[in-house]
Amino acid sequence: ADAFRSAIKLEANRASTWWLLAYAYRQAGDFDRGWDAAAAALPLLTSEDPQAGAIREEVGRVGLALTIEAIQAGYTAPPAADLAENALREGHGTRTLASFVVLSDLLAWQGRKADALEPLVDALLQSPSFEEAQGRLKNLATPTQLSRAWDRVRVAHPGNAFVLWTLGAAQ
């Protein structure tokens, strides 16, 4: 993190510099400092930034870490949860596949299980073979919800052999 703090002094107006600092703090388990760095990146972020999706994902990951920490300690979700959710939902078209899972996890940790399903379905609509989203969906969804979700994916990808096999409709 020391190297990134030095870089901040040189390039404090770049979202990517703050993103890397947030990542370093999160990896070190310092979620409060990670959040400060992630929150500093957001106002600097532009849609033209080639790392916009990854930066939003990191904001979500740090917000998720703070949310898990608070809920495990018996508290409600921190304000970072709302900001992280907004960051993960924004930037349509620049979102990483992993950010859909991070958003789902963030919502699930807040007890918003029904809301947590939609980002997973969105990820599968983009990439039906995305295993992390598949696994989370199986864990969160009831059998009926799971069937409906995969049916939506089948409609979007009618000839996809993986989707047909998953639904048991492969020939």
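Reader: To start somewhere specific, is the crossing in which α4 passes α5 left-handed or right-handed?
Author: In this predicted model, α4 passes α5 in a left-handed crossing.

Reader: Which residues make that contact?
Author: On the side of α4, the contact is made by Arg56, Glu57, Val59, Gly60, Gly63, Leu66 and Thr67, and on the side of α5 by Ala80, Ala81, Ala84, Ala87 and Leu88. Sorted by class, the contact of α4 with α5 has 7 nonpolar, 3 polar and 2 charged residues.

Reader: And at what angle do α4 and α5 pack?
Author: Helix α4, which covers residues 52-72, and helix α5, which covers residues 79-89, pack at an angle of about 155°, and their axes are 8 Å apart. That angle makes α4 roughly antiparallel to α5, because angles over 145 degrees count as roughly antiparallel.

Reader: Let me step back for a moment; how many helices and strands does the chain have?
Author: The secondary structure comes to 10 helices and 0 strands, so that, when the chain is read along the sequence, the pattern is α-α-α-α-α-α-α-α-α-α. The C-alpha atoms fill a box of roughly 60 × 40 × 20 Å, taken along the principal axes.

Reader: What percentage of the residues count as buried?
Author: Of the 171 residues of the chain, 42% count as buried. As for contacts in the chain with a separation of 6 or more, 52% of them are accounted for by residues 24 or more positions apart.

Reader: Could we look at α3 now, and which of its residues are buried?
Author: Helix α3 runs over residues 31-41, and its buried residues are Phe31, Gly34, Trp35, Ala37, Ala38 and Ala41. These residues cover an arc of only 165° around the axis, which puts them on the same side of α3.

Reader: What is exposed on the other side of α3?
Author: Asp32 and Asp36 are exposed there, on the other side of α3.

Reader: And what covers the buried residues of α3?
Author: The cover includes α2, at 15-27, together with α4 and α5, and the latter two are the helices of the left-handed crossing that you asked about at the start.

Reader: Staying with α4 for a moment, is isoleucine 71 buried or partly exposed?
Author: Isoleucine 71, which has its place in helix α4, is partly exposed, because its relative accessible area is 25% and partly exposed covers values from 20% to 50%.

Reader: What does isoleucine 71 touch?
Author: If residues up to four places away in sequence are not counted, isoleucine 71 touches Ala77, Trp109 and Gln110. Isoleucine 71 and leucine 106 are 35 residues apart in sequence, and their C-alpha atoms are 11 Å apart in space.

Reader: Changing topic, where does serine 104 lie, and what does it touch?
Author: Serine 104 lies in helix α6, which covers residues 97-109, and it counts as buried at 0% relative accessibility. Leaving out residues up to four places away in sequence, serine 104 touches Ala116, Pro119, Leu120 and Leu140.

Reader: Which residues of α8 and α9 meet?
Author: Gln134, Leu137, Lys138 and Leu140 in α8 meet Gln145, Leu146, Ala149 and Trp150 in α9. By class, that contact has 5 nonpolar, 2 polar and 1 charged residues.

Reader: How do the axes of α8 and α9 cross?
Author: The axes of helix α8, residues 131-140, and helix α9, residues 143-156, come within 8 Å and cross at roughly 145°, and the crossing of α8 and α9 is right-handed.

Technical notes
Residues are numbered from 1 along each chain as its sequence is written. This is a predicted model: local features need pLDDT of at least 70, side-chain atom pairs count only at pLDDT 80 or more; totals for chains, interfaces and linings use all residues. Side-chain values use heavy atoms; hydrogens and water are left out. Axes are lines fitted to C-alpha atoms, for helices over the stretch in contact, and angles run from 0 to 180 degrees between N-to-C directions. Helices (H or I, at least four residues) and strands (E, at least two) are DSSP runs, numbered from the N terminus. Angles under 35 degrees count as roughly parallel, over 145 as roughly antiparallel, 65 to 115 as roughly perpendicular and the rest as oblique. A crossing is left-handed if the near helix is turned anticlockwise from the far one by less than a right angle, and right-handed if clockwise. Contact means heavy atoms within 4.5 Å. Ala, Val, Leu, Ile, Met, Phe, Trp, Tyr, Cys and Pro count as nonpolar, Asp, Glu, Lys and Arg as charged, and the others, Gly among them, as polar. Buried means under 20% relative accessible area, exposed over 50%, partly exposed in between (1.4 Å probe, protein chains only). The arc is that of the directions from the helix axis to the C-beta atoms.
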